[in-house]
Amino acid sequence: MSTISLKRVLREPLIHFLLFALLIFAGYGFFGADANNKPDRIVVTAPKIEQMAAVFTKTWQRPPTAEELKGMIDDHVKEEILVRQALELGLDRDDTVVRRRLRQKMEFLNDADAEALTATDAELDTFLKANPAVFEIDPMLAFQQVVLNPQRHGEAIERNAAAILEVLLNQPAADLASIGDASLLPAELPLTSKTSIGKTFGADFAEELDKIPAGQWMGPVNSDFGLHLIRVTERVPGRVPMLGEVRDAVAREWTNAKRAELENQRFAELFKRYVVSIESPAGAGTDP
């Protein structure tokens, strides 16, 4: 290696960190070792130090000083010692937070394995066909409406709706705005997905609307807004899409399914190693 290259390497901050870390290790070894005992070994690896420095740099937008790096290493060693001691004392047992975190970490192992899997188009197409309802493209409906406000019509609302429906059937060109009650709802809606219609008018309204044949005034259909006289002007049926239209969504759900499958398989294998006894709580099954 040339003198210029060596100087360039020695100027690298990471080299400084690693050299300083070696000095820290030597200090721990010299001052911490007991000639009469064999202490547990704690190794702060070079990748771990690099990670500490990288996190610090990202957080503070500058590399750590030698003193700051030493403080992070000291804190890591302190944490490792205290965690090991806590485990020896069994402090992790019956701790809901610790148990939940350990479970999550085990489940993350399944997540990583599932994410590493890559499905072929044939596998995705098979998955799509096996789960059509998950990926079905919503029906779309366009319709005209006349709305009757229950507060205005009271008990006569059904009778008034029938009379207005008769007018609409006999006068197809009638002005819708002049027939129904004043409302913020539009007299005519363009093609809109059934799901969106359900969010605005209610799921029951959307279901009833989807049953109405196109081209003829029908009703009344109830919603939270009142009674609606409806004429469906256009309908686009729902359908199961081709793989190319929803590939990303299918791949995502395929991965989720594989994750669940892996988790169930691994848990089943682990379960075989245990005998589970479930005791009845005191007083269970006895009459009060």
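Which exposed residues does the face of H6 turned away from its buried side carry? In this predicted model, that face holds Ala-122, Thr-126, Lys-129 and Ala-130. The buried residues of helix H6, which spans residues 121–130, are Leu-124, Phe-127 and Leu-128. These three cover an arc of only 100° around the axis, and therefore sit on the same side of H6. The spacing fits a familiar rule: an α-helix has 3.6 residues a turn, so residues three or four places apart point the same way. Cover for the buried residues of H6 comes from elements including helix H7 (132–135) and H13.

It helps to step back to the chain as a whole. The protein chain contains 13 helices and 4 strands. Of its 288 residues, 24% are buried. Among contacts with a separation of 6 or more, 70% join residues that are 24 or more positions apart. The accessible surface of the protein chain amounts to about 20,700 Å², and carbon and sulfur atoms account for 56% of that surface.

Helix H13 appears again on the outside of the model. A nonpolar patch on the surface is formed by Met-106, Leu-109, Phe-267, Leu-270, Phe-271, Tyr-274 and Val-276, which together have about 740 Å² of accessible area. Two helices, H5 (96–116) and H13 (247–271), each supply at least two residues of the nonpolar patch. H13 gives the largest share, with 3 residues. Leu-270, one of the patch residues, is found in helix H13. With a relative accessible area of 35%, Leu-270 counts as partly exposed. H13 thus has two roles to follow in the structure: it is part of what covers the buried residues of H6, and it contributes to the nonpolar patch.

The interior can be followed through its nonpolar cores. The largest nonpolar core has 14 residues, and those with the most contacts inside it are Phe-143, Ile-197, Phe-201, Phe-205, Leu-209 and Ile-230. Strands and helices both take part: strand S1 (140–148), helix H11 (194–201), helix H12 (203–211) and strand S4 (226–236) are the elements that give two or more residues to this core. Apart from this core lies another, of 11 residues, including Leu-148, Ala-161, Trp-217 and Leu-227. Ile-197 offers a good view of the packing in the largest core. Leaving aside neighbours within four places in sequence, Ile-197 is in contact with Leu-141, Phe-143, Thr-192, Gly-202, Phe-205, Ala-206 and Leu-209.

Helix H3 brings together a buried residue and, just beyond the helix, a residue with a notable backbone angle. Met-52 has its place in helix H3 and is buried, with a relative accessible area of 10%. Not counting residues up to four places away in sequence, Met-52 touches Val-44, Met-72, Ile-73 and His-76. The C-alpha atoms of Met-52 and Ile-73 are separated by 8.2 Å, although the two are 21 residues apart along the chain. Gln-61 lies in the loop between helix H3 (46–60) and helix H4 (66–88). Phi of Gln-61 is near 60°, a positive value in a residue other than glycine. Gln-61 is exposed, with a relative accessible area of 66%.

A further backbone feature belongs to strand S3. The peptide bond from Gly-219 to Pro-220 is cis, with omega near 5°, and Pro-220 lies in strand S3, which covers residues 218–223.

Methods:
Residues are numbered from 1 along each chain as its sequence is written. This is a predicted model: local features need pLDDT of at least 70, side-chain atom pairs count only at pLDDT 80 or more; totals for chains, interfaces and linings use all residues. Side-chain values use heavy atoms; hydrogens and water are left out. Patches are made of residues with over 30% relative accessible area and no salt bridge: like charges are joined within 9 Å, nonpolar side chains (Val, Leu, Ile, Met, Phe, Trp, Tyr) within 5 Å. Accessible areas come from the Shrake-Rupley method with a 1.4 Å probe; for residues, only the protein chains shown count as cover. A salt bridge is a side-chain nitrogen of Lys or Arg within 4 Å of a carboxyl oxygen of Asp or Glu. Buried means under 20% relative accessible area, exposed over 50%, partly exposed in between (1.4 Å probe, protein chains only). The arc is that of the directions from the helix axis to the C-beta atoms. Contact means heavy atoms within 4.5 Å. A nonpolar core is a set of buried Ala, Val, Leu, Ile, Met, Phe, Trp, Tyr and Cys residues joined through side-chain atoms within 4.5 Å.
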